[in-house]
Amino acid sequence: RWYGSPRLGLCDDVIRQWRAIRATARGRVNVYRIPLIDEHGYAKKISAKIFDLNRSQGISGLVFNNYMPTEYQPFMLVKQTALKGATSIVLDASPVEDYIPHVGEILSNRDWPFIVTEVYETGDREYTVTVEPPLRVDVPAGEIIDIVPYGLFKATSDTTGNPSYSINARSTPTFDFVEWLR
């Protein structure tokens, strides 16, 4: 089970947006979908590369699907079905140029995060990785593995994320989250 205590830097209009998100979550009643930002993870480098590419082409960082903006998320594909409880998974890294999985990085599937503990190159852009915790759902061939990982979390208290305000219209709320085991 994953636990986290992130700190969020907010200013101006973003403070009001955060208040609205927090009100919608109603304290500990609802679940937050949170990216697991790892300062040492490879996903950070990929995200920066995508941002720079989009910016150089005059794109705001969004791609469009049926005329609606949606954030691009880099991914790998599962080559062979892996069952719930498995500790290894075979991945195709070809959807993202110049990317290979790395030991210690966090990945996710359907918002179930895991850590890569070993990486074996088993073919052209194909890797077998071992993971911890073991997979918590069946992962069929062709399924997406998110390189920028996400998880579903519940707040540990009703006051987590309460924005405090300073004279310069900035706030740095802190949070205490625990993974939602659905």
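A search of the whole structure, which is a predicted model, finds 4 salt bridges. Three of them are set out below, each with the closest approach of nitrogen and oxygen.

| Acidic residue | Basic residue | N to O distance |
|---|---|---|
| Glu126 | Lys79 | 3.7 Å |
| Glu143 | Arg110 | 2.5 Å |
| Glu179 | Arg136 | 2.9 Å |

**Salt bridges between distant parts of the chain**

Lys79 and Glu126 form a salt bridge with their closest N and O atoms 3.7 Å apart. This pair links distant parts of the chain, since Lys79 belongs to the loop between β6 (75–78) and β7 (88–92) and Glu126 to strand β10 (residues 126–132), 47 residues apart. Lys79 has a relative accessibility of 41% and counts as partly exposed. Glu126, at a relative accessible area of 18%, is buried; the cut-off for this class is under 20%.

The side chains of Glu143 and Arg110 meet at 2.5 Å, N to O. Glu143 is placed in the loop between β10 and β11 (144–146) and Arg110 in the loop between β8 (106–109) and β9, so this salt bridge ties together parts that are 33 residues apart in sequence. Glu143 is buried at 19% relative accessibility, whereas Arg110 is partly exposed with a relative accessible area of 41%.

In the salt bridge of Glu179 with Arg136, the closest N and O atoms are 2.9 Å apart. Because Glu179 lies in strand β14 (residues 177–179) and Arg136 in the loop between β10 and β11, the pair ties together parts that are 43 residues apart in sequence. The relative accessible area of Glu179 is 0%, which places this residue in the buried class. Arg136 is partly exposed, its relative accessible area being 21%.

**The cavity**

The search for enclosed space finds 1 cavity of 30 Å³ or more. The volume of the largest cavity is about 60 Å³. Its lining consists of Asn109, Trp112, Pro113, Phe114, Pro133, Pro134, Leu135, Arg136, Val137 and Val139. Strand β9 (residues 112–123) gives the largest share of this lining, 3 residues. By residue class, the lining of the largest cavity divides into 8 nonpolar, 1 polar and 1 charged. Arg136 is thus a lining residue of the cavity as well as the partner of Glu179 in a salt bridge.

Two further lining residues of the cavity, Pro134 and Leu135, are in contact with Ala86, as is Val131, when neighbours of Ala86 within four places in sequence are left aside. Ala86 is found in the loop between β6 and β7 and counts as partly exposed at 22% relative accessibility. The C-alpha atoms of Ala86 and Pro133 are 9.2 Å apart in space, while the two residues are 47 residues apart in sequence.

**The largest pocket**

The largest pocket holds about 660 Å³ of space. Its lining comprises 22 residues, and Pro6, Leu8, Ile34, Pro35 and Phe177 lie nearest the centre of the pocket. At least two lining residues come from each of β1 (3–4), α1 (13–25) and β3 (32–35). The lining of the largest pocket is made up of 17 nonpolar, 3 polar and 2 charged residues.

Leu8, one of the residues nearest the centre of the pocket, is also among the residues touched by Ser171. Ser171 is found in strand β13 (residues 170–171) and is buried, with 2% relative accessibility. Not counting residues up to four places away in sequence, the contacts of Ser171 are Leu8, Gly9, Leu10, Ile15, Pro163 and Ser164.

**The chain as a whole, and confidence**

The secondary structure of the protein comes to 2 helices and 14 strands. Of its 182 residues, 36% count as buried. Among contacts between residues at least 6 apart in sequence, 70% join residues at least 24 apart.

The mean pLDDT of the protein is 83, and 81% of the residues reach 70 or more. Over residues 54–63 pLDDT stays under 50, and the model has 12 contacts beyond four places in sequence for this segment.

Note on methods:
Residues numbered from 1 in each chain as written. Predicted model: local features only at pLDDT ≥ 70, side-chain atom pairs only at ≥ 80, totals over all residues. Heavy atoms only, no water. 1 Å grid on protein atoms, 1.4 Å probe; cavity = no way out; pocket = protein on both sides within 12 Å on 5 of 7 lines; lining within 4 Å. Points joined across faces, edges and corners; volume = space filled by probe spheres on them. Helix = DSSP H or I, 4+ residues; strand = E, 2+ residues; numbered from the N terminus. Nonpolar A, V, L, I, M, F, W, Y, C, P; charged D, E, K, R; others polar. pLDDT = per-residue confidence, 0-100. Contact = heavy atoms within 4.5 Å. Buried < 20%, exposed > 50% of the residue type's maximum accessible area, 1.4 Å probe, protein only.
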